[in-house]
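Colleague: I have a two-chain model open and would like to go through its layout step by step. Could we take it as questions and answers?

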Amino acid sequence: MKADVLARLQEERAAQRPVVLLTRLTDGMQHLWPQEDVPAALAEAARAALGSEEATNVTLDGETWFIHPHNPPLRIIVVGAVHIAQAMAPMADPLGFQMIVVDPRRAFATSERLPGVSLNTDWPDEAMAVLKPDARSAVVTLTHDPKLDDPALDAALNSPAFYIGALGSRRTHARRVGRLKDLGHGDAAIARIHAPVGLDIEAVTAPEIALSIMAEIVAARRGATLGAPRPVPAPAVPA
Amino acid sequence: MTTDTTHSEDILATAAAWRAEGEKVAIATVVETWGSSPRPAGSRLAVTASGRLAGSVSGGCIEGAVADAAKQAMATGTPQLLDFGVSDERAWEVGLSCGGKVKVFVEPLS
């Protein structure tokens, strides 16, 4: 690998742009896609590799190319710098997620409480406008405070986030659903919210709840079919 | 089989840092796997001529042989495609006990 290829690859990754490294295995010749023009067959394989997140081999004119996709990081945007967020933080990185915690209550959102986590102390509506959750983002609300959770859920429902979860009992969620419907969200949108948040493992402590949330996020990302379906949520009751 | 591209352990950053320190560096990448190989395609190992290692291409079974090939690649400046598998006598030597097969591309950082 030439040093300048490595430098450009790292530059794209640092800028959180998707990039594919193409290597001709006969002699080590390399290209970066989409930053460089490559034959159509290689471009097609590169595009597919980014989508599937799987490295592959492609044969072109009798020579094998290694197609190595590098997607930007997966993100978990957590609203609420609370105890459960603290327990999620050390799990996020090894699972391949960048974790961002949003909480305008500066006493909670401190790097002492959440070392190594990216903190945003704006109000959730402003924070979400900047963070722009995409299809590689999960959004989890943990504050129990509608003033903070609702704007974040509203923004999440208007985004392609692959996972949306909200802490709170069924009763709390039923009231929340009423408020989100008032904001114009229909049943299909509301159904995207995992609530109560996390896999049902009878979690009690903050680390257990964090584990159940992280497991549910991983299951959503990997497209897992979960064995035991959760009970049907209670119908919405007026707020 | 998925690539480990989101994991925080950034072998390329380590390779670049070692090079900046004046080390000779090679990068090994798993490019194809069959069966129960422990590390997916895209997994990387960085090696220096002085013997430093970061990352992994097999979970330990073939790292030694890959590091030897990496030193050769650094000396000659030529990349190599290595083939490890249970049907391969060499794999018995280096002990790919998991029963899988793996191809590893080794290239000097130049």
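Modeller: The turns below go through chain B, then chain A, then the contact between the two, in what is a predicted model.

Colleague: What is the order of elements in chain B from the N terminus on?

Modeller: The secondary structure of chain B comes to 3 helices and 5 strands. Read from the N terminus on, these elements run α-β-β-β-α-β-α-β.

Colleague: Which strands of chain B are the edge strands of its sheet?

Modeller: The 5 strands form an open sheet with antiparallel pairing, in the order E3-E2-E1-E5-E4. From one strand to the next, the twist averages 20°. An edge strand here pairs on one side only, and in chain B the two are E3 (53-55) and E4 (80-84).

Colleague: Which residue stands opposite B:Ile27 in E2(B)?

Modeller: In chain B, strand E1 (residues 25-34) and strand E2 (residues 44-48) run antiparallel and are joined by 5 bridges. In general, strands of a sheet pair through backbone hydrogen bonds. Opposite B:Ile27, in E2(B), stands B:Ala46.

Colleague: At what angle does helix H2 of chain B run to E5(B)?

Modeller: Two helices of chain B can be placed against the sheet. H1(B) touches E1, E2 and E3 of chain B, and its direction makes about 10° with that of E2(B). Helix H2 (residues 63-76) of chain B lies across E1, E2, E3, E4 and E5 (101-108), and its angle to E5(B) is about 30°.

Colleague: What share of the residues in chain B is buried?

Modeller: A residue counts as buried if 20 or more other C-beta atoms lie within 10 Å of its own. Chain B has 110 residues, and the buried share of them is 45%.

Colleague: Which residue stands opposite A:Thr56 in E4(A)?

Modeller: Chain A has an open sheet of 4 strands in the order E2-E1-E4-E3, with antiparallel pairing. Its edge strands are E2 (30-33) and E3 (56-60). E3(A) pairs with strand E4 (residues 63-70) of chain A in the antiparallel sense, over 5 bridges. Within E4(A), the residue opposite A:Thr56 is A:Ile67.

Colleague: At what angle does helix H2 of chain A run to E3(A)?

Modeller: Helix H2 (residues 40-52) of chain A lies across E1 (19-24), E2, E3 and E4 of that chain. Its angle to E3(A) is about 170°.

Colleague: Which element gives the largest share of the side of chain B that touches chain A?

Modeller: The contact takes 22 residues from chain B and 22 residues from chain A. On the side of chain B, the elements that give two or more residues are H1, E1 and E5. By class, that side has 11 nonpolar, 8 polar and 3 charged residues. The largest share, 4 residues, comes from H1(B).

Colleague: Why is H1(A) called oblique to H1(B)?

Modeller: Helix H1 (residues 3-14) of chain A packs with helix H1 (residues 11-20) of chain B, their axes 11 Å apart and at an angle of about 135°. An angle over 145 would count as roughly antiparallel, and one of 65 to 115 as roughly perpendicular. The angle falls in neither range, so H1(A) is oblique to H1(B).

Colleague: How many nonpolar residues does the contact of H1(A) with H1(B) have?

Modeller: H1(A) contributes A:Ala3, A:Leu6, A:Leu9 and A:Gln10, while H1(B) contributes B:Leu12, B:Ala13, B:Ala16 and B:Arg19. By class, 1 residue is polar and 1 is charged, and the number of nonpolar residues is 6.

Technical notes:
Residues are numbered from 1 along each chain as its sequence is written. Chains are lettered from A and ligands numbered from 1 in the order in which they are written. This is a predicted model: local features need pLDDT of at least 70, side-chain atom pairs count only at pLDDT 80 or more; totals for chains, interfaces and linings use all residues. Axes are lines fitted to C-alpha atoms, for helices over the stretch in contact, and angles run from 0 to 180 degrees between N-to-C directions. Angles under 35 degrees count as roughly parallel, over 145 as roughly antiparallel, 65 to 115 as roughly perpendicular and the rest as oblique. Two residues are in contact if their C-beta atoms, placed from the backbone, lie within 7 Å. Ala, Val, Leu, Ile, Met, Phe, Trp, Tyr, Cys and Pro count as nonpolar, Asp, Glu, Lys and Arg as charged, and the others, Gly among them, as polar. Two strands pair if DSSP finds at least two bridges between them. A residue is buried if 20 or more other C-beta atoms lie within 10 Å of its own, exposed if 12 or fewer, and partly exposed in between; C-beta atoms are placed from the backbone.
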